[in-house]
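Colleague: I would like to learn how to read charged contacts and a hairpin in a model. Please go feature by feature.

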Amino acid sequence: MLAAVGGSCGLEMPAVRRFLQSDDDADAVHADIEEARRLGASGVPFFVIDRKYGISGAQPAETFLQALRTAYANETAPPRTGAASR
C-alpha cells in the first residue's frame, strides 16, 4: 500500500519497496519519535511549531494563533543579556 502511494506521487515503486524493507533512515525516525516525546506528544493529531512548541489534539484556531504569535515573538525578540534580563 505504501509503495503504491509513493508511486502515485511519482516515486519509483521498486525503490519505495526497497526503502521500506530496509533500515535506512531508522536513526532519523527514532530521533523524530524522541523529539515528539520531548514535546509531549502522546497521540494524534499533534502539531509542532518551530520544533519548540507542541499542540496536542484538535484545538480551536485561537490556540494555534497564540502559539504562532508566541513562536514569532520569541524568534524575533532581541537576546536578553545582563542584569536587566533577570
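**Salt bridges and a hairpin**

Modeller: Asp50, Lys52 and Glu75 are linked in a network of salt bridges. The model is predicted: local features need pLDDT of at least 70, side-chain atom pairs count only at pLDDT 80 or more, and totals for chains, interfaces and linings use all residues. Residues are numbered from 1 along each chain as its sequence is written, and side-chain values use heavy atoms, with hydrogens and water left out.

Colleague: What counts as a salt bridge, and how many salt bridges does the rule give?

Modeller: Side chains of opposite charge can pair when their charged atoms come close. The rule asks for a side-chain nitrogen of Lys or Arg within 4 Å of a carboxyl oxygen of Asp or Glu. The count here is three salt bridges.

Colleague: Which residues does Lys52 pair with in salt bridges?

Modeller: One partner is Asp50, at 3.7 Å from N to O. Glu75 is another, with the closest N and O atoms 3.7 Å apart. That second pair links distant parts of the chain, since Glu75 is in helix H4 (residues 61-76) and Lys52 in the loop between E1 and E2, 23 residues apart. Helices (H or I, at least four residues) and strands (E, at least two) are DSSP runs, numbered from the N terminus.

Colleague: Is Lys52 buried or exposed?

Modeller: Buried means under 20% relative accessible area, exposed over 50%, and partly exposed in between, with a 1.4 Å probe and protein chains only. Lys52 is partly exposed at 48%, and Asp50 is partly exposed at 39%.

Colleague: Where do Arg51 and Glu35 lie?

Modeller: Their side chains meet in a salt bridge at 2.6 Å, N to O. Arg51 lies in the loop between E1 and E2 and Glu35 in helix H3, so the pair ties together parts that are 16 residues apart in sequence. Arg51 is exposed, with a relative accessible area of 57%, whereas Glu35 is buried at 12%. Helix H3 covers residues 26-38.

Colleague: How do E1 and E2 run, and how many bridges join them?

Modeller: Two strands pair if DSSP finds at least two bridges between them. E1 and E2 run antiparallel and are joined by four bridges. One of the partnerships is Ile49 with Tyr53 in E2.

Colleague: What is notable about Asp50 in the turn?

Modeller: The hairpin of E1 and E2 has three residues between the strands, and Asp50 in that turn has a positive phi of about 55°.
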